[in-house]
Amino acid sequence: MTAPNRIDYLRVSLIDRCNFQCVYCMPEGADLQYALREHWLTHDEILQLLSEVFIPLGFTRFRLTGGEPLLRPGIVELVEAIAHLPQTQDLAITTNGFLLEKLAQPLYDAGLRRINISLDSLNAETFQKIIGGKGKSRWQDVWQGIQAAHRVGFSPLKLNVVVIPGINDNEVLDLAALTLNQEWHVRFIEFMPIGNDDLFEHKGWIDSAAIRAQVTERWGLTEGQVAGNGPADVFQIPGAKGTLGFISQMSECFCDRCNRMRLSADGLLRPCLLNESSQIDLRSSLRAGVSLSKIREQVGILVGEKPEINFKMRESGITGAYSRTMSQIGG
Ligand code: SAM
Ligand code: SF4
């Protein structure tokens, strides 16, 4: 086993619902059991857990996600409160960008500096096919959200692309080209069998190495660097202002490098995205009046077990057949 990482990064899901129904995440018709609203951790509970449990255990870096975190009522106030905890060293959000045009400035003013926006296509029609739903494509809204985030000064602005064969793999070079003239970081994520196993079986997934090969053939590729806490391998097209990231959880398991824990909107703490057996229910403990020092002790034990869990996940690999989707766990 390699030396354990420092576990200091918490992804906090604020909501398991979404205004998109991405084909790889929560496809239309999927029978998802949403958490009851009264089971969502309240803002006070989230802040209490961060300041009294996670921060004393050494967590200093937080990412807000979902579902779609910008749908969470009071998101700006929550961001402000977390950004101003004295120990917060890094606060980021992952969003689909649909509500970002109007929220980019308030979020920035609240203290947020890092943002990841999902953008799987530059083609409005393909985009709409991916995100589901009827009516006019929402691509333009998301694009305006991205532009607003850029104008406001989020840096590095990161764009997440899940590459699905036969759906958006023909756009890899166009998406990579976004980094030529802007200091953006475009990250290609390998499609995982979590959320839509049928699509995964039917379409398969594309290896990061194949995408790198396409980019290399077109422009060449050198190693690069970008600020952040993620598992991406970072590269740069020679002369480009921005960078490219590759998240290769299917082709190159990075469980041994994993430094993150995940807290779901309904208060379940998981040491691993895909490990369903080791989670603990912090909401029930809090609401049953278990003391914060006792909860801290339980969380500390789980954090201590994580290197071993990472090791087992590395051995077992990604198997499919997971009961919660990324939107429910907090991707
Ligand atoms: N709604 C926000 C968004 O889409 O950015 C945040 C939550 S979403 C679950 C977080 C990330 O998980 C997104 O970048 C999304 O593309 C990714 N994701 C969801 N399902 C996935 C899957 N089956 N394979 C790979 N990535 C996935
Ligand atoms: Fe919603 Fe994000 Fe999942 Fe798409 S990937 S359905 S935007 S949670």
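This passage walks through the fold of the chain, from its overall dimensions to its core, its sheet and a few individual residues.

The structure is a predicted model, in which local features need pLDDT of at least 70 and side-chain atom pairs count only at pLDDT 80 or more, while totals for chains, interfaces and linings use all residues. Residues are numbered from 1 along each chain as its sequence is written, chains are lettered from A and ligands numbered from 1 in the order in which they are written, and side-chain values use heavy atoms, leaving out hydrogens and water.

To begin with the whole chain, its C-alpha atoms fill a box of roughly 55 × 45 × 40 Å along the principal axes. The radius of gyration, taken over C-alpha atoms, is 19 Å, which agrees with the value near 20 Å for a compact globule of 331 residues; the globule rule is 2.2 Å times the number of residues to the power 0.38. Of the 331 residues, 55% count as buried (under 20% relative accessible area with a 1.4 Å probe, protein chains only; exposed is over 50%, and partly exposed lies in between). Among contacts (heavy atoms within 4.5 Å) with a separation of 6 or more, 73% join residues 24 or more positions apart. The chain holds 11 helices and 12 strands, which are DSSP runs numbered from the N terminus (H or I, at least four residues, for helices; E, at least two, for strands).

Next comes the interior. In soluble globular proteins, nonpolar side chains tend to be buried together. The largest nonpolar core (buried Ala, Val, Leu, Ile, Met, Phe, Trp, Tyr and Cys residues joined through side-chain atoms within 4.5 Å) has 88 residues, of which Leu 10, Phe 54, Leu 107, Leu 119 and Phe 188 touch the most other members. Helix 5 (residues 139-152) gives the largest share of this core, 7 residues. A second, separate core of 6 residues includes Ile 194, Cys 272, Leu 273 and Ile 309.

Helix 5 itself deserves a closer look. Its 14 residues reach 20 Å from first to last C-alpha, close to the 20 Å expected at 1.5 Å a residue (1.5 Å times one less than the number of residues). Among its buried residues are Trp 139, Trp 143 and Ile 146, and the cover over the buried residues includes helix 3, strand 4 (114-118) and helix 4 (124-131). Just after helix 5, Gly 153 takes a positive phi of about 115°. Leu 100, in helix 3 (residues 100-109), is buried at a relative accessible area of 0%. Beyond neighbours within four places in sequence, the contacts of Leu 100 include Gly 145, Ala 148 and Ala 149.

Turning to the sheet, 12 strands form an open sheet in the order 7-8-9-6-5-4-3-2-1-10-11-12, with mixed pairing. Strand 7 (222-223) and strand 12 (280-281) each have a single partner strand, so one side of each is left without a neighbour in the sheet. Pairing requires at least two DSSP bridges between two strands; strand 8 (residues 233-236) and strand 9 (residues 243-247) pair in the antiparallel sense over 3 bridges. Within strand 9, Gly 245 stands opposite Val 234.

Helix 8 (residues 208-219) lies across strand 5, strand 6, strand 8 and strand 9, running at about 155° to strand 9 (axes are lines fitted to C-alpha atoms, for helices over the stretch in contact, and angles run from 0 to 180 degrees between N-to-C directions). Arg 212 is found in helix 8 and counts as buried at 15% relative accessibility. Leaving aside neighbours within four places in sequence, Arg 212 is in contact with Leu 221, Phe 235, Phe 246 and Glu 252.
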